[in-house]
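Let's take a walk through a protein model, one piece at a time. Keep the 3D view open as you read, and look up each residue when it comes by.

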Amino acid sequence: MVFQKNYFVTLIKSISGIRGTIGGPVGQGLTPLDVVKYAAAYGTWVKTQATDSKLIVIGRDARISGEMVSRLVAATLQGLGLDVCDLGLSTTPTVEMAVPAKKAAGGIILTASHNPKQWNALKLLNAAGEFISEVDGQHVLALAENEDFDFAPVTKLGEYTTDNTFLKKHIKAILALPLVDVEAIRARNFRVVVDAVNSSGGFAVPQLLEALGVTTIEKLHCEPTGDFAHNPEPLPEHLRDIAKVLEKGGFDLGIVVDPDVDRLALVSENGEMFGEEYTLVAVADYVLKALGGGNTVSNLSSTRALRDVTEKAGGQYAAAAVGEVNVVTKMKETNAVIGGEGNGGIIYPELHYGRDALVGIALFLTHLAKSGLTVSRLRNSYPGYFISKNKIELTPDINTDDVLTKMEQRYAKQPVNTIDGVKIEFDKEWVHLRKSNTEPIIRIYAESDSNATANYLAQKIIGDIKEIIAQKT
């Protein structure tokens, strides 16, 4: 991401939503005018869908701008003649579950996920409570571009209601899942530290843990003020506070969620990172063993370890393009029993088709309880892979697609997947090249069974790209 003057960035428009920094002049960041325009475009699109409902569910994380953005969105939807049910402070997966439960026509989640506190976004859902498709997303963007809105007359404005009961319903649905064993969790008497980066997870995760029978809960950054105590992306370099608590001993597990509670990172009892990539691996391992096998899906940039545990259980693994909507589509195609992304996103269709840190916590704690292992020993039971993340910057005159095509041709003798950039397989190693939609760069992810080899593989590919570019000049 390239930050502009005054720390405001150009509005980022994607098929699943609109995001940007709050504040600043028009044309930089996500202004109130932008919020109204894109909420109106979404509401206009909803009215074209084949549904009898005119209800839209909205909810937000705790970031500072959330209440302001929520009021703008609600009023805009009402102005279109749509009814609004506001869940208030909530989580992304809770809003996703509320949409079909209320038989709504769609939903909007007001969160910029792992982005810093000055960001916010409108994440757009269809009537199934899932992110809208690429085709529908393009339709919404076109409506916004043309400002093609038809607001309702004063006698037909939409109604506004609130509902603060859905988190409890979400948790109740998790506890009712056959693979969630509350008694086994309670019997282990787990001692847990929670870091919720001062957002919605600060109340959602402790409520879930208490319902699961966890009585010792140390809350770290759990006040939902939206003033994030550290960078909200749950990466190891941002989790020093919780690591220090666990290093002192006395706890079994650390749980970290991002601001909207759709990503889950775990910390071992000794303060070592479990690894975001391995959140899905561990939960999938439990689900596959409990079901006697099944299919799984993750995106192309996720660890091979998921494929390993899937095939060991007799199932089949499939890779999807990066992005939750793509993973969900592939999961439905392959009838996957579990899937997600290597960023700690668990998608468990038995509950709903959306990344959900809360169901991930319940399944992981059941797995941990039944295994009788410590978190560190459980982590060591899985294949050890390392991912090296790199990027190469290009000049604007370079055709990125042409470079990727040349790389595909150069490695034509290897298994190559081109559904999302170029992924090249080397036995149990791989490299994934993806172009950025916002910057002239190619991201290069490489995985191997050692960090040194993964870095070497990434640098080898970067060298190839530089050679291809040099041949054109």
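Start with Leu306: setting aside its neighbours within four places in sequence, this residue is in contact with Leu280, Val281, Ala284, Thr296, Val297, Ser298 and Tyr317. Keep in mind that this is a predicted model. Leu306 is found in helix α10, which covers residues 305-312. Is Leu306 buried or exposed? Its relative accessible area is 2%, and buried means under 20%, so Leu306 counts as buried. You can also look at Tyr278: it sits 28 residues away from Leu306 along the chain, yet the two C-alpha atoms are separated by 8.2 Å.

Next up is a sheet. Five strands form an open sheet in the order β16-β20-β19-β18-β17, and the pairing is antiparallel. Why is one side of β16 and of β17 left without a neighbour in the sheet? Both β16 (386-393) and β17 (416-417) stand at the edges and have a single partner strand each, so there is nothing in the sheet on their other side. For β16, the pairing with β20 (residues 441-448) is antiparallel and runs over eight bridges. Helix α14 (residues 400-410) lies across β17, β18 (422-426), β19 (429-435) and β20, and it runs at about 160 degrees to β19.

Now zoom in on Ser388, which lies in strand β16. Its bridge partner in β20 is Ala446. Ser388 is buried, with a relative accessible area of 4%. Leaving out neighbours within four places in sequence, Ser388 is in contact with Ile444, Tyr445, Ala446, Ala454, Asn455 and Ala458. Its side chain also makes these polar contacts:

| Side chain | Partner side chain | Distance |
|---|---|---|
| Ser388 | Asn390 | 2.9 Å |
| Ser388 | Asn455 | 2.6 Å |

On to helix α5 (residues 166-175). Which of its residues are buried? They are Phe166, Leu167, His170, Ile171 and Ile174. Seen down the axis of α5, these buried residues fall within an arc of 145 degrees, so they line one face of the helix. Here's the background: an α-helix has 3.6 residues a turn, so residues three or four places apart point the same way. The face of α5 turned away from the buried side carries Lys168 and Lys172, which are exposed. As for the buried residues of α5, they pack against β4 (83-89), α3 (92-101), α7 (201-211) and α12.

Strand β3 (residues 55-60) makes a nice contrast to read alongside that helix. Six of its six residues are buried. Both faces are covered: Leu55, Val57 and Gly59 are on one side, with Ile56, Ile58 and Arg60 on the other. β3 and β4 run parallel and are joined by five bridges, and within β4, Asp86 is the bridge partner of Ile58.

Last, the nonpolar cores. The largest has 60 residues, and those with the most contacts inside it are Leu209, Ile255, Tyr348, Leu363, Phe364 and Leu365. Helix α12 (residues 357-371) gives the most to this core, with 10 residues. Apart from this core lies another, of 29 residues, including Leu30, Ala41, Ile56 and Val84. To get a feel for the largest core, try Ile255: beyond its neighbours within four places in sequence, its contacts include Val192, Val205, Leu209, Leu264 and Ile361.

Key: Residues are numbered from 1 along each chain as its sequence is written. This is a predicted model: local features need pLDDT of at least 70, side-chain atom pairs count only at pLDDT 80 or more; totals for chains, interfaces and linings use all residues. Side-chain values use heavy atoms; hydrogens and water are left out. Two strands pair if DSSP finds at least two bridges between them. Helices (H or I, at least four residues) and strands (E, at least two) are DSSP runs, numbered from the N terminus. Contact means heavy atoms within 4.5 Å. Axes are lines fitted to C-alpha atoms, for helices over the stretch in contact, and angles run from 0 to 180 degrees between N-to-C directions. A nonpolar core is a set of buried Ala, Val, Leu, Ile, Met, Phe, Trp, Tyr and Cys residues joined through side-chain atoms within 4.5 Å. Buried means under 20% relative accessible area, exposed over 50%, partly exposed in between (1.4 Å probe, protein chains only). A polar contact is a pair of N or O atoms within 3.5 Å; within protein, one must be able to donate a hydrogen and the other to accept it, and residues adjacent in sequence count only if both atoms are side-chain atoms. The arc is that of the directions from the helix axis to the C-beta atoms.
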